[in-house]
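Reader: Could you take me through one part of this model up close, one strand and whatever sits around it? Keep it casual, but do give me the details.

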Amino acid sequence: APVHDVRRLGELLRREDVGGFDVEIAEDLNSTDLRKCILRFFNAASPADQTIVYFSGHGDKNDAGQLYFNTEDTEPDLLEASAVSARFLIERAQKSLSKQTVFLIDCCNSGAFASSLGVRSGTQTLSQDDFAVEGSHGMAVITASAGLQPARERSVEGGAESLFNRHLIDAIATGAADVAQTGKITLAGLFHYIRDQLRQEGATQQPRSFFFGLSGEE
């Protein structure tokens with residue numbers, strides 16, 4: 001599912017009528033190459049950029065409860081040495097010139113992304129027009145599941161897709177997450193749409209939202 005999911009989301013975000021984002025897709029990298037890719041991405045960002053990172057794949061936690069992203073060369077018993085930690089990703093974002101960063105984390109145990117770093121969480125933390133006002137800055141996270149939950153996928157013609165990604169794309173492509181019909185989709189609207197759709201289909205995973213360092217107008 002990951003390659004299918006990433007390509008679909010990338011195509012959507014590139015569309016000028018959606019966001020006109022510059023999209024870089026990295027598929028099936030080893031841990032060293034993924035770190036380099038993350039570093040180059042954030043090093044290239046300017047203060048005017050909104051940076052979005054979407055990860056789809058396997059996620060494991062170490063003994064301390066910190067989340068790691070599995071890569072092509074990951075060895076489960078050598079996780080810290082052969083996978084990419086959520087902490088590394090966060091630290092690269094914090095050192096970037098970009099003042100607005102959104103993480104969409106679609107993997108098992110994804111709720112541990114923020115909790116392992118000691119940030120606050122909650123389903124109501126993302127509200128109003130998140131990051132829509134010039135001068136606002138911070139980081140926001142939407143995860144596919146809670147800290148100890150798997151992130152499910154389903155079979156589709158030609159392969160598979162994640163449940164989280166399906167609703168993420170539907171929310172944006174159809175405009176269904178724009179509940180207030182303002183012509184803009186906020187992070188709050190996006191999160192609540194995905195959460196509600198997963199609940200309606202009886203999925204066992206529970207998406208989470210987190211924030212840290214938000215200041216200025218949301």
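Author: Strand S5, residues 100-106, is mostly covered, with seven of its seven residues buried. Keep in mind that this is a predicted model. Gln100, Val102, Leu104 and Asp106 point one way from S5, while Thr101, Phe103 and Ile105 point the other way, and all of them are buried.

So what does S5 pair with? Seven bridges join S1 to S5, and the two strands run parallel. If you want a place to start tracing that pairing, take glutamine 50, whose bridge partner in S5 is glutamine 100. As general background, the strands of a sheet pair through backbone hydrogen bonds, either parallel or antiparallel.

Just ahead of S1, have a look at serine 46, which is found in the loop between H2 and S1. Serine 46 is partly exposed, at a relative accessible area of 26%. Its C-alpha atom is separated by 5.3 Å from that of leucine 97, although the two residues are 51 apart along the chain.

Back to Phe103 of S5, since it belongs to a group of rings. Phe55, Phe69, Phe103 and Phe113 form one aromatic cluster. The structure holds four aromatic pairs. In one of them, the ring centres of phenylalanine 55 and phenylalanine 69 are 4.4 Å apart and the planes sit at 40°, so this pair is tilted. It links distant parts of the chain, with phenylalanine 55 in strand S1 and phenylalanine 69 in strand S3, 14 residues apart. Both phenylalanine 55 and phenylalanine 69 are buried. Phenylalanine 69 also pairs with phenylalanine 113: their ring centres are 6.3 Å apart and their planes are at 35°, so that pair is tilted too. Here the link runs from strand S3 to phenylalanine 113 in helix H5 (residues 112-115), 44 residues along the chain from phenylalanine 69. Phenylalanine 113 is buried, as is phenylalanine 69.

Phenylalanine 69 takes us to the sheet that holds S3. Three strands form an open sheet in the order S2-S3-S4, with antiparallel pairing. Strand S2 (59-61) and strand S4 (84-85) stand at the edges with a single partner strand each, so one side of each has no neighbour in the sheet. Two bridges join S3 (residues 67-69) to S4, and these strands run antiparallel. One contact to look for is tyrosine 68, which has serine 85 as its bridge partner in S4.

Now go back to S1, the parallel partner of S5, because there's a pocket to see. The largest pocket has a volume of about 1,100 Å³. Its lining takes in 38 residues, and those nearest its centre are Glu24, Ile25, Ala26, Val53 and Tyr54. Helix H1 (2-14), helix H2 (31-43) and strand S1 (50-56) are the elements that give two or more residues to that lining. S1 gives the most, with seven residues. By class, the lining of the largest pocket has 23 nonpolar, eight polar and seven charged residues.

While you're around H1 and H2, check aspartate 28 in the loop between them. Aspartate 28 has a positive phi of about 55° although it is not a glycine. At 65% relative accessibility, it counts as exposed.

For another mostly covered element, try H6, where nine of the 11 residues are buried. Among them are Leu163, Phe164, Asn165 and Arg166. How can a charged residue such as arginine 166 be called buried here? Its relative accessibility is 14%, and the cut-off for buried is under 20%. Arginine 166 is placed in helix H6 (residues 163-173). Its side chain makes a polar contact with the side chain of glutamate 161 at 3.2 Å, and another with the side chain of glutamate 201 at 3.1 Å.

After H6 comes glycine 175, with a positive phi near 80°. Then, in the loop between H6 and helix H7 (187-200), you'll find glutamine 181. Its phi is also positive, near 55°, and it is a residue other than glycine. At 70% relative accessibility, glutamine 181 counts as exposed.

Conventions: Residues are numbered from 1 along each chain as its sequence is written. Side-chain values use heavy atoms; hydrogens and water are left out. Two strands pair if DSSP finds at least two bridges between them. Helices (H or I, at least four residues) and strands (E, at least two) are DSSP runs, numbered from the N terminus. On a 1 Å grid over the protein atoms alone, a cavity is a set of points where a 1.4 Å probe fits but cannot get out, and a pocket is an open set with protein on both sides within 12 Å along at least five of seven lines; lining residues have an atom within 4 Å of a point. Grid points are joined across faces, edges and corners, and a volume is the space filled by probe spheres set on the points. Ala, Val, Leu, Ile, Met, Phe, Trp, Tyr, Cys and Pro count as nonpolar, Asp, Glu, Lys and Arg as charged, and the others, Gly among them, as polar. Buried means under 20% relative accessible area, exposed over 50%, partly exposed in between (1.4 Å probe, protein chains only). A polar contact is a pair of N or O atoms within 3.5 Å; within protein, one must be able to donate a hydrogen and the other to accept it, and residues adjacent in sequence count only if both atoms are side-chain atoms. Rings of Phe, Tyr and Trp (its six-membered ring) pair if their centres lie within 6.5 Å; planes under 30 degrees apart count as stacked, over 60 as edge-to-face and the rest as tilted.
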